Amino acid sequence: MSGELVEKLRHRAMVFLREAKRFLEEGEYDLACFSAEQAVQLYLKSVFLKLFGEAPRIHGVRELLGLLASRLRQEEFKEEAVEIKEFTRENRYALSVLEDAYIDARYTIRGFTEEEAREALSVSLKLVELLEEIEKHVWMG
C-alpha cells in the first residue's frame, strides 16, 4: 500500500507543478504559488513515506524540510541533512512565499506578483530535483 501511496502523491505533485506552470503563463499568480506549494508539500510527504514508512501530518514546507533533515541526520545521512538545511537557508524567501500561498492564495485578499510566482515555481522545481537526488542516495545507500 505505501508504495502505491508514494506513487499517488508523486503523481499529484507533478500535476500541481504542471498546473503551476500553466497558471504562471496565464497570469494567475496566486494559483501558481498555491499549486507550487501543494506540489512541494506532496512530494516531501512522498519522500518521507518512501524513506521512513510514514508521512508527517504537518503542512509547513520549512517545517517539513527541517523534519526531513532531522530524520536524515538520525539515520546517519548527515551530508544529505546538511544539503536540506543549506537549501532551506539559501531559499528562505521563496519558501516563505510558498508557505504564504498555502493560506493566502485561498482565503485572503493578498495577491502574489509575477516575480513571486516565478520564484515559487523555480524553487519548487529545484527542491523536487534535490529530493530526487537525496532519495536515490539514501535508497541505494
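Guide: Contact means heavy atoms within 4.5 Å; helices are DSSP runs (H or I, at least four residues), numbered from the N terminus. This is a predicted model, with local features needing pLDDT of at least 70, side-chain atom pairs counting only at pLDDT 80 or more, and totals for chains, interfaces and linings using all residues. Residues are numbered from 1 along each chain as its sequence is written, and side-chain values use heavy atoms, with hydrogens and water left out.

Visitor: What covers the buried residues of H1?

Guide: The cover includes helix H2 (29-52) and helix H6 (114-140). Beneath lie Val-6, Leu-9, Arg-10, Ala-13, Leu-17, Ala-20, Phe-23 and Leu-24.

Visitor: How do you know that the span of H1 agrees with its 24 residues?

Guide: The expected span is 1.5 Å times one less than the residue count. For residues 2-25 that gives 34 Å; the end C-alpha atoms are 35 Å apart, so the two agree. Just after H1, Gly-27 has a positive phi of about 80°.

Visitor: Why is Arg-71 called buried?

Guide: Its relative accessible area is 19%. Buried means under 20% (exposed is over 50%, partly exposed in between; 1.4 Å probe, protein chains only). Therefore Arg-71 counts as buried. Arg-71 sits in helix H3. Beyond its neighbours within four places in sequence, Arg-71 contacts Phe-48, Phe-52 and Glu-54.

Visitor: What makes H3 and H4 roughly antiparallel?

Guide: H3 (residues 61-74) and H4 (residues 78-90) pack at about 160°, axes 7 Å apart. Angles over 145 degrees count as roughly antiparallel (under 35 is roughly parallel, 65 to 115 roughly perpendicular, the rest oblique). So the pair qualifies.

Conventions: Axes are lines fitted to C-alpha atoms, for helices over the stretch in contact, and angles run from 0 to 180 degrees between N-to-C directions. Helices (H or I, at least four residues) and strands (E, at least two) are DSSP runs, numbered from the N terminus.
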